[in-house]
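Me: I have a model open and would like to go through its fold and packing by question and answer.

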Amino acid sequence: MHDVYTASIIVILVGVLVVLKRVIQGPTLLDRILAVNVIGTKTIVLLALLGFLRDRAGFFLDIALAYGLINFIATVAVLRYFEARCERRSLEIPREEGA
């Protein structure tokens, strides 16, 4: 059974590397934020798999749950920050060309 957990961990790590490309090359800021959130979600799954692999599932699942909450709160906070920043920019008075 440990081989299944180890193979799953390797597959998830490969998925993290694929998503990391989107973090670096993402065409928009929202793509990058979403990619970071996906990496956080994959980290939660990795923590759970490590817990089962080490036969300490309860301990690792508690850590994964706390990490998941932090990941969610951080994502919401970053999105609200950029939403407020975009609203402030739209409220600015546009300058006329040549003036």
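The turns below go from the whole chain to its core and then to one leucine.

Me: Which pattern does the chain follow, read along the sequence?
Reply: This is a predicted model. The chain holds three helices and zero strands. Read from start to end, the pattern is therefore α-α-α.

Me: What radius of gyration does the chain have, set against a compact globule of 99 residues?
Reply: The C-alpha atoms fill a box of roughly 70 × 25 × 10 Å along the principal axes. A compact globule of 99 residues would have a radius of gyration near 13 Å. The value for this chain is 19 Å.

Me: How much of the chain counts as buried?
Reply: The accessible surface comes to about 7700 Å², and 67% of that belongs to carbon and sulfur atoms. To count as buried, a residue must have under 20% relative accessible area. Of the 99 residues, the share that does is 23%.

Me: What share of the contacts with a separation of 6 or more comes from residues 24 or more positions apart?
Reply: A contact here requires heavy atoms within 4.5 Å. Among contacts in the chain with a separation of 6 or more, residues 24 or more positions apart account for 53%.

Me: Which helix gives the most to the largest nonpolar core?
Reply: That core has five residues: Tyr5, Ile9, Ile12, Leu46 and Leu49. Helix H1 (2-25) and H2 each supply at least two of them. The helix that gives the most, with three residues, is H1.

Me: Which residues does Tyr5 contact, leaving aside its neighbours within four places in sequence?
Reply: Tyr5 is itself a member of the largest nonpolar core, as is Leu49. With neighbours within four places in sequence left aside, the contacts of Tyr5 are Leu49, Phe52 and Leu53.

Me: Is Leu50 buried, partly exposed or exposed?
Reply: Leu50 lies in helix H2, which spans residues 29-53. Its relative accessible area is 29%. Buried means under 20% and exposed means over 50%, so Leu50 is partly exposed.

Me: Which residues does Leu50 touch, not counting those up to four places away in sequence?
Reply: Leu50 and Asp62 are 12 residues apart along the chain, and their C-alpha atoms are separated by 12 Å. Beyond four places in sequence, the residues that Leu50 touches are Ile9 and Phe60.

Me: How far apart do the centres of the positive and negative side chains lie?
Reply: The chain has 11 positive and 9 negative side chains. The centres of these two sets are separated by 5 Å.

Technical notes:
Residues are numbered from 1 along each chain as its sequence is written. This is a predicted model: local features need pLDDT of at least 70, side-chain atom pairs count only at pLDDT 80 or more; totals for chains, interfaces and linings use all residues. Side-chain values use heavy atoms; hydrogens and water are left out. Helices (H or I, at least four residues) and strands (E, at least two) are DSSP runs, numbered from the N terminus. Buried means under 20% relative accessible area, exposed over 50%, partly exposed in between (1.4 Å probe, protein chains only). A nonpolar core is a set of buried Ala, Val, Leu, Ile, Met, Phe, Trp, Tyr and Cys residues joined through side-chain atoms within 4.5 Å. The radius of gyration is taken over C-alpha atoms; the globule rule is 2.2 Å times the number of residues to the power 0.38. Accessible areas come from the Shrake-Rupley method with a 1.4 Å probe; for residues, only the protein chains shown count as cover. Lys and Arg count as positive and Asp and Glu as negative; His and the chain ends are not counted. The place of a charge is taken as NZ of Lys, CZ of Arg, CG of Asp or CD of Glu.
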